[in-house]
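The following exercises train the reading of a structural model. Each task is followed by a solution in steps.

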Amino acid sequence: HESEYEVLNKLPSSMRPARIEVELNSLAHALSDHLEEPGFFLQAFSRNAETTMNLFKSAYRIVETPVPMPYRHVLYFLTFCYVFITPWVYAE
């Protein structure tokens, strides 16, 4: 029997949250059988899970968007200037 780490490690990073969401939905449905208001619980859980997945997809889209080379070059140049000029400004 594989551990959760081994199962998730086989999946691409973009699919791991979806797999976890499926497992959480399954657990929520099992738990709702023991509650007095299962519909309310499942509705609130689904709304929160949907919001969380939308936030993840937004963050993942930002991470996966490549940075254009000219912009990256400007960032490297400004970082270089800041790191090597700032000490001289503060030393005086």
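**Exercise 1.** At which residue of α4 does a kink lie, and what is its angle?

*Solution.* This is a predicted model: local features need pLDDT of at least 70, side-chain atom pairs count only at pLDDT 80 or more, and totals for chains, interfaces and linings use all residues. Residues are numbered from 1 along each chain as its sequence is written, and side-chain values use heavy atoms, with hydrogens and water left out.

Step 1. Helices are DSSP runs of H or I with at least four residues, strands are runs of E with at least two, and both are numbered from the N terminus. Helix α4 comprises residues 69–91.

Step 2. The bend at a residue is the angle between axes fitted to the seven residues ending there and the seven starting there. In α4, a kink of about 35° is found at I85, shortly before the proline P87.

**Exercise 2.** Determine what span the 23 residues of α4 should have, and compare it with the distance between the end C-alpha atoms.

*Solution.* Step 1. The expected span is 1.5 Å times one less than the number of residues; for α4 this gives 33 Å.

Step 2. The end C-alpha atoms of α4 are 34 Å apart, which agrees.

**Exercise 3.** Which residues form a salt bridge with K10 and with R19?

*Solution.* Step 1. A salt bridge requires a side-chain nitrogen of Lys or Arg within 4 Å of a carboxyl oxygen of Asp or Glu. The whole structure contains 2 salt bridges.

Step 2. K10 pairs with E2, and their closest N and O atoms are 2.3 Å apart. Residues are buried under 20% relative accessible area, exposed over 50%, and partly exposed in between (1.4 Å probe, protein chains only). K10, at 60%, is exposed, whereas E2, at 37%, is partly exposed.

Step 3. R19 pairs with E23, with the closest N and O atoms 3.0 Å apart. Both lie in helix α2 (residues 16–32), 4 residues apart, about one turn of the helix. An α-helix has 3.6 residues a turn, so residues three or four places apart point the same way. R19 is partly exposed at 34%, as is E23 at 30%.

**Exercise 4.** Is the protein a compact globule or more spread out?

*Solution.* Step 1. The protein has 4 helices and 0 strands. Its radius of gyration, taken over C-alpha atoms, is 23 Å.

Step 2. The globule rule, 2.2 Å times the number of residues to the power 0.38, gives 12 Å for 92 residues; the protein is well over this value, so it is more spread out than a compact globule.
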